[in-house]
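Biologist: I am new to this structure and would like a close look at a single part of it, taken slowly. Please explain each term as you go.

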Amino acid sequence: QIKDVIQYLFQIQAAVHGYAGNQTRNELVRLITDLSGSLSTLSRDASTLATQIPPEVIGYVDEGRNPDIYTREFVELVQKNNQFLKAKGEAFTGFRDALADEMVKAWPEMKKDVEEVLQGSKAAEAVVKTNGMSV
């Protein structure tokens, strides 16, 4: 429907640019009527769409800025945070393994319990990875 609106606007622009009297006038009336109907349909159907536009994007548009800039900045921020969280998860994994080694050295009688905990945490890690999340 948005494509229809854009197409009508383009056709109206072309008709206005090449105005040639009554024939063009009738065509303009038809195009504007079609545009009005298309906008009405779009307006009516828009309320049924489940779209959520972040207020920041609306702010970018209101300020005359390109919303693609917001998207690019958002993606860069998400990538940065993902890298940070990945490094943090890897650090915790290393700490977990080092702690387990030290606990087994300090309390050899707890080796079986430590191994069970390690197996449980590694299984949980595998579940998280198969669900598309990183640790």
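In which helix do Y70 and F74 both lie, and how many residues apart are they?

Modeller: Y70 and F74 both belong to helix 4, where they are 4 residues apart, about one turn of the helix. Before going further, please note that this is a predicted model, in which local features need pLDDT of at least 70 and side-chain atom pairs count only at pLDDT 80 or more, while totals for chains, interfaces and linings use all residues. Residues are numbered from 1 along each chain as its sequence is written, and side-chain values use heavy atoms, with hydrogens and water left out. Helices here are DSSP runs of H or I with at least four residues, numbered from the N terminus.

The aromatic rings are a good place to begin, and the structure holds 2 aromatic pairs. Rings of Phe, Tyr and Trp (for Trp, its six-membered ring) pair if their centres lie within 6.5 Å, and planes under 30 degrees apart count as stacked, over 60 as edge-to-face and the rest as tilted. The rings of Y60 and Y70 have centres 5.7 Å apart and planes at 65 degrees, so this pair is edge-to-face. It links distant parts of the chain, since Y60 is in helix 3 (residues 55-62) and Y70 is in helix 4 (residues 67-106), 10 residues apart. The rings of Y70 and F74, by contrast, have their planes at 20 degrees and their centres 6.1 Å apart, so they are stacked. Through these ring pairs, Y60, Y70 and F74 are linked into a cluster.

The members of the cluster can also be described by their accessibility, where buried means under 20% relative accessible area, exposed means over 50%, and partly exposed lies in between (1.4 Å probe, protein chains only). Y60 and Y70 are both buried, and for Y70 the relative accessible area is 16%. F74 has a relative accessible area of 46%, so F74 is partly exposed.

Finally, a charge joins the picture at one of these rings: the charged end of R65 sits over the ring of Y60, 4.1 Å from the ring centre. A charge is said to sit over a ring if NZ of Lys or CZ of Arg is within 6 Å of the ring centre and within 35 degrees of the ring normal. Y60 therefore has two partners described here, with the ring of Y70 in an edge-to-face pair and the charged end of R65 over its ring.

Conventions: Helices (H or I, at least four residues) and strands (E, at least two) are DSSP runs, numbered from the N terminus.
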